[in-house]
Amino acid sequence: MIRTGNAYREGLRDGRQVWIEGERVRDVTTHPALKPIVDVKARMYDMAFEAAHRDTLTYVADNQRKSILNRPPTETKDWTDKLAAVDAVLKDIGGVVTRVGDETVGEMWSLQDGRDVLAEIDPRFADNIDRHIAAVRDDDLFHVSANTDPKGDRSLAPQDQDPDMLVHVTRETGAGIVIRGAKYETAAAYADQAFLKPTVGAWANNKLSDYAVGCIVKMGAPGVKHICRGGFAGRGRVEDYPLANRFDEVEALVVFDDVLIPWEDVFFYRHTRAAQFIRGTLHRYSAFPYVLRLMYTADMMIGAALWNAKQTGLDTLQAVREKLADLVCYREGINAHLTASIAMAERSPAGLLMPQQSMLFAGRVFACSQLPAMMHIARELCGGQICVTPGAASFEGAESGAWLRKFYTLNQNWQADDRRKLLAFARDLLNSDYAGHRLAFAQFAQAPHFNHLAAVYNSFDFSGPLDFVRRAADLSPRVTGGA
Ligand SMILES: Cc1cc2nc3c(=O)[nH]c(=O)nc-3n(C[C@H](O)[C@H](O)[C@H](O)COP(=O)(O)OP(=O)(O)OC[C@H]3O[C@@H](n4cnc5c(N)ncnc54)[C@H](O)[C@@H]3O)c2cc1C
């Protein structure tokens, strides 16, 4: 059954332990740094009940409405439905949010593809993943992703330093396993639960087996402590920072202080092969919604830059049009990778339809690695005024306002108020603390760049180029495409 926004908010009032800037947060739904993004997620839930959006965001199965975003994909339409649902949400909220559930739920579908690996340890663990995927689908839960530990000194084995630097199992009880450690997690403080698994690393080593654990952690469970970074919302007026005040997706260092994970929430533990499997396949579905968000970021950059050129009459210059075309090539490059990955989709071991992997992962490298250069083009097109323009209060001031209205009114079409609004939007998109944070988010939040490249290397079928060159260079027929 789909949930309402208020049911989601009520679920967050579970006594969870959250701190921000050293202050204990009693209710994440009302704290100024967290309320805006909780409201966005609540709005997503409420949209699903509205006649205008119901059929775009939900489908009916077993006589119940369920979220299209949580539906495991089995056919092409499931992916095009997800595209339409994300489009409806982002247009409704008027901005880009990434870690709102659909981008993380796919991590569990990857683990379902490794059912056989889980069953090697204990068949109950394979059943647990099936049950959890069904629970997200049927109960409309908000899942986040717990991958990255603090890790400490990487030149030392975890056993040779504070062992909590990587999440590990400390003991088994009749009720479940007990874990200790910490993970960095976007959105954890206002999510229902996280899929916790080992971080990027060499999981072949048996010495690491205490650390090879995968499970579901309830975000309000005893011993789970969310230490959030400072929020961007509320640092300046919404008129001056329209994106930071509405769409900041707050990260936390989530500490697991001897947290009991019930057996029904355990997917694997003390099993490095399972850790290896999940690290190798984690983003086979979830890279799609992640990269999709960058297409909308590109649209925001194109829109901001072109409106600015129109306001100032610079849109007729060929050199300006070429820079806009560079932004369009970026946007369409992302679009092409995503479209092709669905057109060429592949059947997964568990029978799901996964985007064609090398196309998807090459698209992720393209979208993330080119973003800094594209932001710079958009910043250049918007000009220096985005960082020197006074704030809304100065436009409202009796004396300063008169001067600002004079210099920011461009012609009959473009009055000072619209000029100020566009410049504030562009600043928050390209130049503000929030803009810099979003750039780091794109580079790291799913995995670091070297891991994005490893995914491309591991998914591309090299036999085509090898065979092509074997023939073209007239290599011996004994030479094959294999290693
Ligand atoms: C905004 C933001 C949101 C995030 N959200 C989440 C989240 O929701 N869930 C989550 O689990 N994590 C999240 N993270 C954490 C993110 O996954 C990590 O930052 C990332 O995995 C890199 O780990 P690290 O920061 O510890 O960097 P390190 O491991 O210290 O690496 C730093 C750099 O060293 C180099 N390097 C390190 N190891 C290698 C290697 N083996 N090969 C080549 N180069 C290497 C790379 O240049 C790398 O970028 C988030 C991070 C950010 C910035």
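**Close-up 1. Strand 7 and its partner, strand 11.** In this predicted model, I179 sits across from V259, a residue of strand 11. Strand 11 covers residues 251–262, and 10 bridges tie it to strand 7 in an antiparallel arrangement. Strand 7 itself spans residues 176–186, and nine of its 11 residues are buried, so the rest of the structure largely encloses this strand.

**Close-up 2. The hairpin of strands 6 and 7.** Here's another partner of strand 7: strand 6, residues 168–172, which pairs with strand 7 through four antiparallel bridges. Just three residues separate the two strands, and together they make a hairpin. To get your bearings, look for E172, whose bridge partner in strand 7 is I177.

**Close-up 3. A nonpolar patch on the surface.** Y457, F460, F462 and L466 make up this nonpolar patch, which comes to about 410 Å² of surface. L466 belongs to helix 19, residues 463–472. With a relative accessibility of 42%, L466 falls in the partly exposed class.

**Close-up 4. R13 and E10, a salt bridge with two partly exposed ends.** The R13 and E10 side chains come together in a salt bridge, with 2.8 Å from N to O. R13 has a relative accessible area of 39%, so count it as partly exposed. E10 is partly exposed too, at 47%.

**Close-up 5. D78 and R71, a salt bridge with a buried acid.** This time the side chains of D78 and R71 pair up in a salt bridge, and the N to O distance is 3.5 Å. D78 has a relative accessibility of 3%; buried means under 20%, so D78 makes the cut. R71 is partly exposed, with 26% relative accessible area.

**Close-up 6. R420 and D417, a salt bridge within helix 16.** The side chains of R420 and D417 form a salt bridge at 3.9 Å, N to O. Both residues are in helix 16, residues 416–430, and because they are three residues apart, about one helical turn lies between them. In this pair the arginine is the buried end: R420 has 7% relative accessibility. D417, on the other hand, is partly exposed at 42%.

**Close-up 7. A salt-bridge network.** Four residues take part in this one: D62, K66, R137 and D138 are connected by a network of salt bridges. For the wider picture, searching the whole structure turns up 42 salt bridges.

Terms used
Residues numbered from 1 in each chain as written. Predicted model: local features only at pLDDT ≥ 70, side-chain atom pairs only at ≥ 80, totals over all residues. Heavy atoms only, no water. Buried < 20%, exposed > 50% of the residue type's maximum accessible area, 1.4 Å probe, protein only. Pairing = 2+ DSSP bridges. Patch = residues over 30% accessible without salt bridge, like charges linked within 9 Å, V, L, I, M, F, W, Y side chains within 5 Å. Areas by Shrake-Rupley, 256 points an atom, 1.4 Å probe, with all protein chains shown as cover.
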